[in-house]
Amino acid sequence: MTNDKPEPSPARPASSRRTLLAAGAVAVVAVAGIAAVTFGGLLRGRPAGDQACQAAVATAKRISPLMKGEVAALTAATVPLRLPDLAFEDGTGAARKLSDFRGKTVLLNLWATWCVPCRKEMPALDGLQAKLGGDAFQVVAVNIDTRDPEKPRAFLNDAKLTRLAYFSDPKAKVFQDLKAVGRALGMPTSVLVDAQGCEIATIAGPAEWDSADAVKLIQAATTKTAAGL
């Protein structure tokens, strides 16, 4: 009679079994560690640090004593983060990206006409651009109205806000992209970005951007120290 049962595997020496068990335990610990770092970072809303943005974190630490008064609600960056290369349009409908502004410090602001605090904040942003806008700094206020594209233009015109360049994203994807990295929780949202596209500070809500407190903060952010920050 033919024996169809497979031949039993020869018994492994005890030392081999111990080696395999140890290797398996190390692999499990390694996988668990990676998962903890990955999912822990996602749960905290903190993306993995971009080491090229360490200078922005240093700038945030240097100017954090100036985050007071009218800009006390700003949160200084503590993790190096390069923002997504946000895409939007300029006033002519031409495609623009956040990376187009590399080389200058940017106050990126998201606003909409349906957002009452946004509308109240816009004159201060216009005033800040009037005071400090130039080769070293620019306010980039991106409108995210998704319905009537003429409404935000009319608002700026009626309020005589002429210093701000007009930028828009009628699909509001810029908000979702910032939300994905934990930097957009509501409207308005503003992020102070260094010349390399890295986060210096973020604020959820309005601020008096043309106040003495804000002007002093922005001037400090755009000034390089002897250490190169």
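1. Start at the β7/β8 pairing: Ser-190 has Ile-203 of β8 as its bridge partner. That is one part of an antiparallel arrangement in which five bridges join β7 to β8. The two strands make a hairpin with five residues between them, and Gly-197 in the turn has a positive phi of about 85 degrees. Bear in mind while reading that this is a predicted model.

2. On the other side of the story, β7 also pairs with β4. These two run antiparallel, again joined by five bridges, and Leu-107 finds its β7 bridge partner in Leu-192. As for cover, five of the five residues of β7 are buried. Both faces are covered: Thr-189, Val-191 and Val-193 are buried on one side, Ser-190 and Leu-192 on the other.

3. Thr-189 deserves a click of its own. This β7 residue is buried, with a relative accessible area of 2%. A polar atom of the Thr-189 side chain sits 2.6 Å from the backbone oxygen of Gly-186. Setting aside neighbours within four places in sequence, Thr-189 is in contact with Leu-108, Asn-109, Leu-110, Leu-178, Arg-183, Ala-184 and Ile-203. Ile-203, as it happens, is also the β8 bridge partner of Ser-190.

4. Now zoom out to the sheet. It is open and mixed, with eight strands in the order β1-β8-β7-β4-β5-β6-β2-β3. The edges are β1 (75–76) and β3 (95–97), each of which pairs on one side only.

5. For the parallel part, look at β4 and β5. Residues 105–111 (β4) and 137–143 (β5) pair in the parallel sense over seven bridges, and Leu-108 has Val-140 as its bridge partner in β5. Helix α3 (residues 116–132) lies across β4, β5 and β7, and runs at about 160 degrees to β4.

6. On to the cysteines. How many disulfides does a search of the whole structure find? It turns up two. Number the bonded cysteines of the protein in sequence order and the pairing reads 1-4, 2-3.

7. One disulfide joins Cys-53 to Cys-198, with an S to S distance of 2.0 Å. Cys-53 is in the loop between α1 (14–44) and α2 (54–63), while Cys-198 is in the loop between β7 (189–193) and β8 (199–204), so the bond ties together parts that are 145 residues apart in sequence. The torsion about this S-S bond is about -65 degrees, so the disulfide is left-handed. Cys-53 is buried at a relative accessible area of 1%, and Cys-198 is buried at 0%.

8. The other disulfide is formed by Cys-115 and Cys-118, with the sulfur atoms 2.3 Å apart. Its S-S torsion is about 80 degrees, so this one is right-handed. Both ends are out of sight here as well: Cys-115 is buried, with a relative accessible area of 4%, and Cys-118 is buried at 0%.

9. Finally, confidence. The protein averages a pLDDT of 83, and 76% of the residues score at least 70. Over residues 1–48 the pLDDT is below 50, and this stretch has 16 contacts in the model beyond near neighbours in sequence. Helix α1 (14–44) is the element before the Cys-53 loop, and I'd read its placement with those low scores for residues 1–48 in view. Residues 225–229 also stay under 50, with six contacts beyond four places in sequence.

Terms used: Residues numbered from 1 in each chain as written. Heavy atoms only, no water. pLDDT = per-residue confidence, 0-100. Contact = heavy atoms within 4.5 Å. Disulfide = S-S within 2.5 Å. Helix = DSSP H or I, 4+ residues; strand = E, 2+ residues; numbered from the N terminus. Buried < 20%, exposed > 50% of the residue type's maximum accessible area, 1.4 Å probe, protein only. Polar contact = N/O pair within 3.5 Å; in protein donor to acceptor, adjacent residues only side chain to side chain. Pairing = 2+ DSSP bridges. Axes fitted to C-alpha atoms, helices over the stretch in contact; angles between N-to-C directions.
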